[in-house]
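User: I am new to this structure and would be grateful for a close look at one part of it, the nonpolar core. Please also relate the core to the parts around it.

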Amino acid sequence: MILLIPFVGTSLGAAMVFFMKDEMNEKVKKLLLGFAAGVMIAASVWSLLIPAIDLAGEQRGPSWLPALIGFLLGVGFLLILDTIIPHLHLDSDKPEGVPSKLSKTSMLVLAVTLHNFPEGMAVGVTFAGAMLGGSNITMMSAFALALGIAIQNFPEGAIISMPLRNEGASKKKAFLYGVGSGVVEPVGAVITILLAKQVMPILPYFLSFAAGAMIYVVIEELIPESQAGEHSNIGTIGAALGFALMMVLDVALG
């Protein structure tokens with residue numbers, strides 16, 4: 001059930017297309033994008049990197065080394081996906097990735113799907129750490145991370161479904177596309193659990209790998225989009241609020 005919490009957040013956000021008539025206010029969008037960035041940064045530190053370092057400290061060798069290797073591999077993995085998968089960022093008319101004949105709608109959805117995959121990995125690896133035992137990761141830690149990601153997925157679901165509606169898609173189609181972009185999260189979580197369960201010593205690498213992937217998304221997509229144009233301070237405020245909320249959730253529940 002924990003694995004589905006982020007997906008529920010995305011689905012509820014996508015459902016806003018049925019209740020909101022106009023395009024989302026630009027200031028609100030910046031606030032929500034910044035909020036999502038803050039949540040992901042805090043989750044990467046408190047829920048993933050710190051547990052990875054603590055867990056590696058119980059093994060031989062420098063405690064920071066698995067976190068460093070895993071983090072860089074996570075960044076590199078998302079960089080490769082970002083390079084080969086055709087996608088289109090919000091408020092952009094220039095597609096990225098390999099050339100394709102996909103529609104603008106499909107590439108918008110692929111961009112959000114690419115963004116959501118590391119979030120599913122993060123939930124999956126913390127859940128696996130709690131299941132395996134032998135670490136300071138608890139089920140409450142996994143729940144706190146899933147809840148934090150679900151909270152930031154709610155506005156993201158709306159941010160993807162509303163532009164699709166404005167592009168001419170029906171409300172039902174825009175909702176289904178928004179929901180579809182979140183399906184990758186429980187899938188990524190399950191795949192990560194299956195891999196992480198095999199060998200306990202590599203768990204620190206999995207934790208930091210997920211952190212690296214999430215930080216890549218924050219730097220590549222969320223921060224630039226929240227800071228573009230006027231009123232960039234609104235995105236900064238959103239990031240601070242998201243970071244503070246996720247920090248409190250992880251410390252209080254974890």
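Analyst:
**The nonpolar core and its surroundings**

Among the 53 residues of the largest nonpolar core, those that touch the most other members are Leu48, Val123, Val125, Leu145, Leu207, Met214 and Leu222. A nonpolar core is here a set of buried Ala, Val, Leu, Ile, Met, Phe, Trp, Tyr and Cys residues joined through side-chain atoms within 4.5 Å. Buried means under 20% relative accessible area, exposed over 50%, and partly exposed in between, with a 1.4 Å probe and protein chains only. Two or more residues of this core come from each of α2 (26–56), α3 (64–84), α4 (104–132), α5, α6 (171–196) and α7 (203–227). Helices are DSSP runs of H or I with at least four residues, numbered from the N terminus.

The model is predicted: local features need pLDDT of at least 70 and side-chain atom pairs count only at pLDDT 80 or more, while totals for chains, interfaces and linings use all residues. Residues are numbered from 1 along each chain as its sequence is written, and side-chain values use heavy atoms, leaving out hydrogens and water.

Valine 125 shows how one core member is packed. Leaving aside residues up to four places away in sequence, valine 125 touches Leu48, Thr192, Leu203, Phe206, Leu207 and Ala210, where contact means heavy atoms within 4.5 Å. Apart from the largest core lies another, of 10 residues, including Val17, Leu88, Met107 and Leu108. In soluble globular proteins, nonpolar side chains tend to be buried together.

Helix α7 contributes to the largest core and is largely enclosed by the rest of the structure, because 19 of its 25 residues are buried. From first to last C-alpha, α7 reaches 35 Å, close to the expected 36 Å; the expected span is 1.5 Å times one less than the number of residues. At valine 218, α7 bends by about 40°, the bend being the angle between axes fitted to the seven residues ending there and the seven starting there. Glycine 229, just after α7, takes a positive phi of about 70°.

Helix α5 (residues 139–166) holds methionine 139 and also asparagine 153. Asparagine 153 counts as buried, at 0% relative accessibility, whereas methionine 139 is partly exposed at 37%. The side chain of asparagine 153 reaches the backbone oxygen of proline 6 at 3.1 Å. Beyond its neighbours within four places in sequence, asparagine 153 is in contact with Pro6, Gly9, Thr10, Asn116, Glu119 and Glu185. With residues up to four places away not counted, methionine 139 touches Ile2, Phe127, Ala130 and Met131.

Aromatic rings complete the picture. The structure holds 4 aromatic pairs; rings of Phe, Tyr and Trp (its six-membered ring) pair if their centres lie within 6.5 Å, and planes under 30 degrees apart count as stacked, over 60 as edge-to-face and the rest as tilted. Phenylalanine 18 and phenylalanine 175 form a tilted pair, 5.4 Å centre to centre with 50° between the planes. Phenylalanine 18 lies in the loop between α1 (5–14) and α2 and phenylalanine 175 in helix α6, so the pair ties together parts 157 residues apart in sequence. The rings of phenylalanine 77 and phenylalanine 117 are also tilted, because their centres are 6.3 Å apart and their planes at 45°. This pair links helix α3, with phenylalanine 77, to helix α4, with phenylalanine 117, 40 residues apart. Phe77, Phe117 and Phe209 are linked into a cluster by ring pairs.

How values were computed: A polar contact is a pair of N or O atoms within 3.5 Å; within protein, one must be able to donate a hydrogen and the other to accept it, and residues adjacent in sequence count only if both atoms are side-chain atoms.
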